[in-house]
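Colleague: Could you take me slowly through the sheets and hairpins of one chain, and then show me where that chain meets its partner? I would like the terms spelled out as you go.

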Amino acid sequence: MLLTHEDIVSIGLSMKVALTATALSLPFGFAVAWLIVFKQFRGKVLLEVFVNLPLTLPPVVIGYFLLLLLGKNGWLGHLLAESGIQIIFTWKAAVLASATVGFPLLVRSIRLGMESIDRQLIEASRSLGAHWYDTLLTIILPLSLRGILAGSSLMFARSLGEFGATIIVAGNIPGVTQTIPLAIYDYASSPSSTAMALSLCLVSVIISVTVLFLHELLSRKLDQARAL
Amino acid sequence: MKLHIDIKKKLGDFSLQVKSDIAGERTGIFGESGSGKSTLVHLISGLTEPDKGEIMLDGEYLFSSRKKINLAPERRRIAIVFQQAMLFPHLNVKANLLYGYKRCRAENRHIKPEMLVNQLQLQPLLERGVENLSGGEKQRVALGRAVLANPRLLLMDEPLSALDDTLRFQIIPYLRSVSEKFGIPYLFISHSLTEMQLITDHILEIKNGLSLDETTPEQLARNRMAQSPNGYLNLLRLSSPRREHGLFAYQWGKNSLLVSAGEQAAESLFELSSREIILFKKHPEAISARNLLECTVTEMFESDGRIGIVLSVNGEKLVAEIVRSAAEELNIKPLSTLFAAIKASSFRRLASSQD
């Protein structure tokens with residue numbers, strides 16, 4: 001396997017971006033899934049459409065919107081610039097791009113997990129003296145763990161592969177914002193770098209397989225813990 | 001316990017209107033499937049909000065549309081035992097039992113876990129996962145969990161209907177112990193008259209979403225005798241069985257009864273339909289039925305054209321059912337002496353003490 005120093009930085013950056021995007025999205029994904037599954041409110045359909053929108057939009061479009069929002073003249077970018085925070089063309093922008101693109105996958109999985117919870121378990125919890133937030137933490141959260149796990153794995157994998165939105169909003173700066181897909185894109189542009197591109201492809205496959213294995217392992221552990 | 005209910009709730013095409021003052025410690029809510037019993041459970045416990053009206057428990061408003069009061073479920077201290085046990089699958093038996101107890105204020109913790117575990121015989125189950133329990137064990141844990149929350153009122157929403165007959169009658173003494181041993185009043189919801197007779201003292205009947213007058217299990221059984229497929233179901237506690245000519249000879253008070261579906265247990269509960277009893281004005285000369293009992297008519301009642309004859313057999317009560325013409329022909333009146341013939345195979349065993 002042929003890996004340059006920059007490739008290793010790209011691998012590290014990809015892992016960092018995917019992990020951060022997944023970890024940051026988890027509480028929001030859980031809250032949104034809970035709202036959609038358990039709450040009745042006006043505008044629920046709009047929320048569902050908005051959450052799922054990144055699934056149907058081309059990632060480049062998402063990247064462009066993020067660029068408009070976070071750029072120097074953007075509404076949020078302007079405010080952040082005044083506070084001395086630079087997002088665009090940093091690894092943080094890659095995190096935002098990955099989080100936006102992967103968020104619907106995370107919500108969908110957690111939602112599926114929550115929908116499988118029998119409503120009477122929640123009613124039992126409330127009638128036994130638990131406040132809604134107590135029920136959320138002691139019943140809904142643990143019973144959604146499988147969904148959370150599946151969603152996190154999906155989102156992590158999606159973040160690893162994120163290309164379109166990332167290249168728009170974070171650029172393709174080797175050693176700074178160049179993730180594995182961007183590095184492969186660079187190698188693919190040059191016919192002499194096939195071996196390098198293939199090496200990074202192999203790394204991607206290894207990471208993805210590891211994530212899937214971990215997911216299966218943790219799922220089984222959860223099932224075993226429940227069966228005891 | 002005093003529960004005042006005067007509420008209206010519309011759910012799609014279905015409308016529930018209940019007005020009642022419940023004062024008993026062991027009250028049944030009786031009604032056919034779809035009559036609105038479970039909706040009432042949701043409304044009393046605060047899981048669903050009524051459209052209009054008020055609910056008061058021991059003088060405290062739980063809900064009042066006029067006063068704009070709607071206490072959250074966790075503040076009502078009304079626990080529920082569901083049809084399916086609804087144990088938390090990620091917690092073991094012990095953690096399930098303590099779920100409500102931990103959330104109960106210290107000053108309200110009158111029932112301690114040790115007392116309950118002994119009473120419901122849960123000790124061997126404590127460390128087990130709930131997925132591995134039998135249906136009866138699950139329901140006992142669910143009952144224990146609800147009792148340990150030290151509620152002011154316990155709502156039992158058809159807790160026996162998911163169990164087979166054997167398990168059902170094993171659980172009944174535990175259900176009764178909620179009020180007898182722990183002093184917690186309950187509302188027992190069911191569509192089974194037999195369960196009502198064994199578990200409750202008063203009944204509020206709900207029909208098509210409307211509450212009817214309060215009655216007793218006995219009165220309800222009499223009212224429904226004609227329309228019920230098995231007539232009036234006599235519940236007999238028979239004891240000390242011994243084998244006799246391939247049958248079981250049981251003691252029933254001062255009487256002896258021959259039963260084919262018996263079991264060697266100190267005491268068994270049997271069901272006998274009022275339609276399985278044949279009445280004779282005089283002692284018949286020869287008869288194939290293995291039980292012939294001399295009895296006195298204590299009371300007569302009518303149910304949709306059928307006549308219920310309440311008999312005293314050496315102090316034990318039995319209800320037989322005949323048509324009006326038979327009652328007239330035999331000239332049956334209170335204090336008449338009759339002979340009741342019952343086949344040994346007419347008794348249906350519900351439970352035995354060793355089960």
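Modeller: What follows is a walk through the strands of chain B, then its contact side, and then two residues with unusual backbone angles.

This is a predicted model, in which local features need pLDDT of at least 70 and side-chain atom pairs count only at pLDDT 80 or more, while totals for chains, interfaces and linings use all residues. Residues are numbered from 1 along each chain as its sequence is written, and chains are lettered from A and ligands numbered from 1 in the order in which they are written.

One open sheet of chain B holds 5 strands in the order β14-β13-β12-β15-β21, with antiparallel pairing; strands (E, at least two residues) and helices (H or I, at least four) are DSSP runs numbered from the N terminus, and two strands pair if DSSP finds at least two bridges between them. At the edges of this sheet stand β14 (255-259) and β21 (348-352) of chain B, each of which pairs on one side only. Direction ignored, neighbouring strands here are turned by 40 degrees against each other on average, where the axes are lines fitted to C-alpha atoms, for helices over the stretch in contact, and angles run from 0 to 180 degrees between N-to-C directions. Strand β15 (residues 267-273) of chain B is joined to β21(B) by 4 bridges in the antiparallel sense, and B:Phe270 stands opposite B:Arg349 in β21(B). Across β15 and β21 of chain B lies helix α6 (residues 165-180) of chain B, which runs at about 50 degrees to β21(B).

A second open sheet of 5 strands in chain B has the order β16-β20-β17-β18-β19, again with antiparallel pairing. Its edges are β16 (277-280) and β19 (316-323) of chain B; each has a single partner strand, so one side of each is left without a neighbour in the sheet. The average turn between neighbouring strands of this sheet is 45 degrees, direction ignored. Strand β18 (residues 306-313) of chain B runs antiparallel to β19(B) over 8 bridges, and B:Val313 has B:Glu316 as its bridge partner in β19(B).

Turning to the hairpins, β4 (residues 52-57) and β5 (residues 60-64) of chain B pair in the antiparallel sense over 4 bridges, with B:Ile55 opposite B:Phe63. This hairpin has 2 residues between the strands, and B:Asp58 takes a positive phi near 45 degrees. B:Phe63 also stands opposite B:Asn70 in β6(B), and β5(B) and β6(B) form a hairpin with 4 residues between them, where B:Lys68 in the turn has a positive phi of about 55 degrees.

As for the partner, 20 residues of chain B are in contact with 17 residues of chain A, contact meaning that the C-beta atoms of two residues, placed from the backbone, lie within 7 Å. On the side of chain B that touches chain A, two or more residues each come from α2 (73-76), β7 (78-81) and α3 (93-102) of chain B, and β7(B) gives the most, with 3 residues.

Lastly, B:Leu335 has a positive phi of about 80 degrees although it is not a glycine, and B:Leu335 lies in the loop between α9 (324-329) and β20 (337-342) of chain B. In chain A, A:Phe89, likewise not a glycine, has a positive phi of about 65 degrees and is found in the loop between α4 (75-82) and α5 (91-115) of chain A.
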